[in-house]
Every structure is written in C-alpha cells, then in structure tokens.
Amino acid sequence: MITATRPDVAPETLSGIELLEEMLAIPSPSTQERALGQWLVSRMRGMGFAARRDEVGNVVAFWGSGPKEVLLLGHIDTVPGFIPVRRDGDRLFGRGAVDAKGPLAAAITAVARQPVGTGWRFTVIGAVEEEGSSRGARHLVNRRAPDQLVILEPSGWDAVTLGYKGSLRLRYRLSVPMGHGAGPNQSAGDQAIAFIRRVQDHAAGQSDGQRSFGRLDVRVLRFHADHDGFRDTAAMTLGFRLPPSFDVEALQRQLEGWSGGAELRFDYADPAVRAEKNTPVVRAFLTGIRDAGGTPRFKMKTGTSDMNILAPTWGCPALAYGPGDSKLDHTPDEAIDIGEFERGVQVLTTALQQLAR
C-alpha cells in the first residue's frame, strides 16, 4: 500500500478553481482519459499526494496513512462535446465543470488541506469510463472496502445524495427480408418502433401514481434503420432507469417475449441504491454544510453513478456529494458557479476533518 506524507520540499500551491480550470482544458471523453490521467498524477504528486494510474487507467492517490480509510471516488471522463474553457463573471464553463471534474477538483483541494498523522488515510480516485461501462469502478469491486465512501457527483453545495435509481441497457437488432414500401408487411424500423411503444406503455402502467424515484423509465439512446436491397434492418439501444427492489429478470423475460424475432442483448444491470441517513459520513457532511452557512438537504437521483456498483458490494457507509447544478450535466452550457465551488471545498474540508477526529 502506498501512503503519502508531506514532501521535504514545499508542495505546489494551486487554488481549487485553478486546478479545475486546468483539468477542464484537457479533453477526456469516455475511453480517452489517458492525457488527463497522466497530467493529474503529476499534478497531485506536486501537491504532496502519492499518486499513480492503475491497470485500467484510474487515477489513484493517497494522502496520509493509518488503519482507517475514507475513499473519495469521482470520475475523470466526460460525455463527448468539448466546451471552450472560459470564465464569464462568476461562472466557469467547460465540459466536466459539473459532471464531474468540478466535484473531483473540490475533493482534491479539500484533502490536501487535511493534516497527516491522524490515523486516517484519504484515498482519492478519478475513475475512467463512468459515462459508459463504468469500467473504472468495476475494476475496484474486489479491493478492500473503505470505512467511509464519498462518491464525487454534483449534488449542490448544500445537499447530499443518498440514492440513485438502477440502470439496465438493452441492445436491439432486427433483420428481415426486404418488402415493397407499399406492401402489407411492416419494415424493420416499423417493428422496432412498435416494440419501443409497447415497452414504454408497459413502463407507464407499472409506474402509475409513483413518484420519480419509484418509476420505471425508458429512453431511446440510439436508433438506426437501413437496408442493403435484400434485407431491412433496425438497431437501437434502450436505457432503463430502475426503481428500488425492481425485478430485472422478470423485465428481461417480458422483453424477450415481445422481441418478435429481434436479437436482444442486455449489456449490464445495476440495481438502485439507497444509503442510510444516520451514518458517520452523513453526519460529517451535515456538519460541514451547516458550518458553511447552509441548511442541509437530502436528494434521491433518478440517474445512476458508480455508487450503484460500489456501495452494495462494499457495504460501507456512503453518500454522494459535490458542488454544481446537475441540471447542467451533459448540456452545451455546462458551467459551475465559482462561489458554489468554493463553498463545496469548504464543506468537504470540514466534513473530512470531522471524520478524522
């Protein structure tokens, strides 16, 4: 195990917002995180961390040493679409400013403010491919569980996230012989659309009267229909957001029964997760929010995160936290308020101090 102590020479000084600005300047769409990962290892070593990249490209950095561990896990990949990095008044624009380089930069800054020699080790991980397969998080499932887990995702500086819906991804492909456009037979595209409508009607019926966290949601992520003169094809990807305690196997059987000869492939299924409120890590963050002048709020997210993969496996107290407005995730206007970012750093600093006492 690598541990970190303060180096004999003074660590590089860098404000949190400057660190974030430099991170945003290095594009890192999912599966293309190498350049940012290499840069971040070097930067964090300069700040006093013991840092490296693991076998799949995750950035893994340690601060302090001791038998107890707080693990702060964010991700260094983003969705596609580079946004020129710029400041406009109190806002910093850039792809990943909110999701999720902003929360990761805030955590790095807060951890670097912690004293060493407390008996606690702070481990910061910037995972790869969270926006796709969650390859980075899945690589970590067999490591020793930390004592406390903080997932670095935007919650707003004065809120903590306790739960995420589950996720299932379905790939559909149908190939049928060509028929005349005026003939009686449905095209592959028509059949695919009928399948989508049936699935969405089923989801709506199951979710009637449920609040957002309890609904089964279905979205078309990709759709393509074409022909080569002999066969007519349709291919699509559907994303399902799953409520707690959902019977995934029953849904899969139902979908196969409606496939009408199409090939179905289920990529992965991660269940919904909901953390407990009365845990040391939650109490520490509530203190941090109050000390920063806020009134703490709890959130349950309709999306998913690496918390879905790691919290159930490790069974340790967990939550998700990070500055930023998650409504700006994946949008062309992704930006973080600089004041909110700085308050997030303050909350993280206080919360980690509370945990280490």
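This passage walks through a predicted model, from one helix and the cores to a small sheet and the salt bridges.

A good place to start is helix α7, which covers residues 280-291. With 12 residues at 1.5 Å a residue, the helix should span 16 Å, and its end C-alpha atoms are indeed 16 Å apart, so the two values agree. Plenty of α7 is tucked away: Val281, Val282, Ala284, Phe285, Leu286, Gly288 and Ile289 are buried. The cover over these buried residues includes strands β7 (148-151), β8 (159-164), β14 (297-301) and β15 (318-320), along with helix α9 (338-356). Just past the end of α7 comes glycine 293, with a positive phi of about 95°.

Phe285 turns up again in the largest nonpolar core, a set of 80 residues. Together with Phe49 and Leu72, Phe285 has the most contacts inside that core. Helix α9 supplies the largest share of the core, nine residues. Setting aside neighbours within four places in sequence, phenylalanine 285 touches Val150, Val160, Leu319, Tyr321, Val347, Leu348 and Ala351. A separate core of 24 residues lies apart from this one, and its members include Val199, Phe240, Leu251 and Ala262. As a general point, nonpolar side chains in soluble globular proteins tend to be buried together.

Not every buried residue is nonpolar, though, and glutamine 252 in helix α6 (residues 248-257) is worth a look. Its relative accessibility is 18%, and the cut-off for buried is under 20%, so glutamine 252 counts as buried. Beyond its neighbours within four places in sequence, glutamine 252 is in contact with Leu168 and Phe266.

Next comes an open sheet of three strands, ordered β4-β5-β16 and paired antiparallel. Strands β4 (86-88) and β16 (335-337) sit at the edges; each has a single partner strand, so one side of each has no neighbour in the sheet. On average, neighbouring strands here are turned by 25° against each other, direction ignored. Three bridges join β4 to β5 (residues 91-93) in the antiparallel sense, and arginine 86 has phenylalanine 93 in β5 as its bridge partner. Two helices lie across β4, β5 and β16: α1 (residues 16-24) runs at about 25° to β5, while α9 runs at about 70° to β16.

That leaves the charged pairs, with 13 salt bridges found across the whole structure. In one of them, arginine 121 meets glutamate 69, with the closest N and O atoms 3.5 Å apart. Arginine 121 belongs to strand β6 (residues 120-127) and glutamate 69 to strand β3 (residues 68-75), so this pair ties together parts that are 52 residues apart in sequence. Both partners are out of the way: arginine 121 counts as buried at 5% relative accessibility, and glutamate 69 counts as buried at 0%.

Another salt bridge links aspartate 267 and arginine 171, with 2.6 Å between the closest N and O atoms. Here the partners come from strand β12 (residues 263-270) and strand β9 (residues 166-177), so the link joins parts 96 residues apart in sequence. Aspartate 267 is partly exposed at 29% relative accessibility, and arginine 171 is partly exposed at 29%. Aspartate 217 and arginine 215 also form a salt bridge, at 3.7 Å from N to O. Aspartate 217 is partly exposed at 24%, as is arginine 215 at 31%. Finally, shared partners join Glu69, Arg121, Arg143 and Arg144 into one salt-bridge network.

Key
Residues numbered from 1 in each chain as written. Heavy atoms only, no water. Helix = DSSP H or I, 4+ residues; strand = E, 2+ residues; numbered from the N terminus. Expected span 1.5 Å × (residues − 1). Buried < 20%, exposed > 50% of the residue type's maximum accessible area, 1.4 Å probe, protein only. Contact = heavy atoms within 4.5 Å. Core = buried A, V, L, I, M, F, W, Y, C linked by side-chain atoms within 4.5 Å. Pairing = 2+ DSSP bridges. Axes fitted to C-alpha atoms, helices over the stretch in contact; angles between N-to-C directions. Salt bridge = Lys/Arg side-chain N within 4 Å of Asp/Glu carboxyl O.
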